[in-house]
Amino acid sequence: MNLMQYPMMLFSTHGGWDDVQRRHPSQRKVFLMLVLPLSILPPVMILQAASGVGATVFPGAPFGAWIVGALLFFIAEQISVPLMTGVIRRGCVAKGASGDLGGAYTVAAIAPVPLWLSSLALLAGEIWVVVLIAFAALLASGVLIHHGVERLLGVEEDVNASDVAVQVISLGVLAWGALVLVAATPLLLS
């Protein structure tokens, strides 16, 4: 996938998606080239936040608790991508589209990119900035799911693609909330 085409994936079912469909990358390649490197970013930002905005929200939390929270967040991220793959796949099959595991995994791997990148908002040091960027990232993830299931999994009608995207993003919101709770638990217990 050409990273320069990534922004076009938000606005079209063809821009960038055609390249992904043509290349049909293996799940292993998608994991190693996209999921793994980008899923490292939020845990790193969690550790960075320990001395920034995090110190304001969780005063007195020891750095060890931040390390445990970041590690748990990373593990939960690795579980959430295959979980979302299953949800995408089932949603597409229910709409009469392809149940291609590779395509579903690719959509599940591409969709959280805005969420992973939104962790950079922790550098701003302001909670309202973090929340605003997280909501924008969530919206972008929903759009990516919509375009991805349409293009890679053959969900033909726009309404059906929207239904799948709403189902997946609803579970995604719960999963992202669970990820945040997992990361915050060691801090709350310290």
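## Briefing on an all-helix predicted model

In the largest nonpolar core, which holds 32 residues, the members that touch the most other members are Met9, Ile88, Cys92, Ile110, Val149 and Val168. Two or more residues of this core come from each of α1 (6-9), α2 (17-23), α3 (27-49), α5 (63-94), α6 (101-110), α7 (113-118), α8 (127-152) and α9 (158-189), and the element that gives the most is α6, with 6 residues. The model described here is a predicted one, and the points below take up its overall build, its surface and its two nonpolar cores in turn.

**Overall build**

- The protein contains 9 helices and 0 strands, so that the order of elements read along the sequence is α-α-α-α-α-α-α-α-α.
- For a protein of 190 residues, a compact globule would be expected to have a radius of gyration near 16 Å, and the 17 Å found for this protein agrees with that expectation.
- Taken along the principal axes, the box filled by the C-alpha atoms comes to roughly 55 × 30 × 30 Å.
- Among the contacts in the protein that have a separation of 6 or more, 72% are accounted for by residues that lie 24 or more positions apart.

**Burial, surface and charge**

- Of the 190 residues in the protein, 46% count as buried.
- The area that the protein exposes is about 9,500 Å², and 70% of it is supplied by carbon and sulfur atoms.
- The protein carries 8 positive and 10 negative charges, and the mean positions of these two groups are 11 Å apart.

**Val149 in the largest core**

- Val149, named above among the core residues that touch the most other members, is in contact with Ile88, Cys92, Val107, Gly154, Val155, Ala161 and Val164 once its neighbours within four places in sequence are left aside.
- Two of these partners, Ile88 and Cys92, also appear in the list of core members that touch the most others.

**The second core and Ala61**

- A second core, separate from the largest one, is made up of 13 residues, and Ile46, Ala50, Ala61 and Ala76 are included in it.
- Ala61 is placed in the loop between α4 (53-57) and α5.
- Ala61 counts as buried because its relative accessibility is 17%, where the cut-off for a buried residue is under 20%.
- Although Ala61 and Pro186 are 125 residues apart along the chain, their C-alpha atoms are separated by 8.7 Å.

Definitions and conventions: Residues numbered from 1 in each chain as written. Predicted model: local features only at pLDDT ≥ 70, side-chain atom pairs only at ≥ 80, totals over all residues. Heavy atoms only, no water. Helix = DSSP H or I, 4+ residues; strand = E, 2+ residues; numbered from the N terminus. Rg over C-alpha atoms; globule rule 2.2 N^0.38 Å. Buried < 20%, exposed > 50% of the residue type's maximum accessible area, 1.4 Å probe, protein only. Contact = heavy atoms within 4.5 Å. Areas by Shrake-Rupley, 256 points an atom, 1.4 Å probe, with all protein chains shown as cover. Lys, Arg positive; Asp, Glu negative; His and termini not counted. Charge placed at Lys NZ, Arg CZ, Asp CG, Glu CD. Core = buried A, V, L, I, M, F, W, Y, C linked by side-chain atoms within 4.5 Å.
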